[in-house]
Amino acid sequence: MSGTVTMHSVFVYGSLMADDVVRLLLNRIPQTASATLPDLFSIKGRVYPAIIPAKSDKVSGKVLFGITDDELNVLDEFEDVEYERENVQVLLTDSSDEKLQTKTYVWAKKDDPDLYGTWDFEEWKQLHMEGFLKMTKEFAEELNLPKSEI
């Protein structure tokens, strides 16, 4: 492989805020910073959230730094066709509210009637994280990703 390696930053929210999920997918925990982005909705009957453009609220999440092209491809596969990767501007909350241009995954069906309410990370960790980690491990095995040490 020749040439320069492009590094990406990706704003994540929902299940990707859990280090254990990221470790299963990337086999490492990248450097992160807390950040916010306008609006979060949950998806009816699902255990993961989606963001859609809106003007009234904000999404809390974090930015993963130093994501390689290969890792970005893994995240693209993980988010599947229900999400579209878009460039957005987030506000880093760990520092002096610095703005950062980054990538994130936005729900593809912007007018989806099943989007409603809000999504709670702590509730998700208690109720759904164990099953979600099992599903993520199976997903990583299907992609033949290196084994993570969880």
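Arg 28 sits at 31% relative accessibility in this predicted model, so it counts as partly exposed. Its side chain pairs up with Glu 71 in a salt bridge, with the closest N and O atoms 2.6 Å apart. Arg 28 is found in the loop between helix 1 and strand 2 (32-37), while Glu 71 belongs to helix 2 (residues 69-79), so the bridge ties together parts that are 43 residues apart in sequence. Glu 71 itself is buried, as its relative accessible area of 10% is under 20%.

Arg 28 and Glu 71 are not alone: the count comes to six salt bridges. Another one joins Asp 19 to Lys 62, with 2.9 Å between the closest N and O atoms. Here too, distant parts of the chain get linked, since Asp 19 is in helix 1 and Lys 62 is in strand 5 (residues 59-67), 43 residues away. Asp 19 is partly exposed at 34%, whereas Lys 62 is buried at 12%.

A further bridge stays inside helix 1, where Arg 23 and Asp 20 meet at 2.9 Å, N to O. These two are three residues apart, so about one helical turn separates them. Arg 23 is partly exposed, with a relative accessible area of 26%, and Asp 20 is partly exposed, also with 26%.

Helix 1 (residues 19-26) also packs against helix 4 (residues 129-142), with the axes 9 Å apart and at an angle of about 10°. That angle makes the two helices roughly parallel. Helix 1 brings Asp 20, Val 21, Leu 24 and Leu 25 to the contact, and helix 4 brings residues including Phe 132, Leu 133 and Phe 139. Sorted by type, the contact residues come out as eight nonpolar, one polar and two charged.

Conventions. Residues numbered from 1 in each chain as written. Predicted model: local features only at pLDDT ≥ 70, side-chain atom pairs only at ≥ 80, totals over all residues. Heavy atoms only, no water. Axes fitted to C-alpha atoms, helices over the stretch in contact; angles between N-to-C directions. Helix = DSSP H or I, 4+ residues; strand = E, 2+ residues; numbered from the N terminus. Parallel < 35°, antiparallel > 145°, perpendicular 65-115°, else oblique. Contact = heavy atoms within 4.5 Å. Nonpolar A, V, L, I, M, F, W, Y, C, P; charged D, E, K, R; others polar. Salt bridge = Lys/Arg side-chain N within 4 Å of Asp/Glu carboxyl O. Buried < 20%, exposed > 50% of the residue type's maximum accessible area, 1.4 Å probe, protein only.
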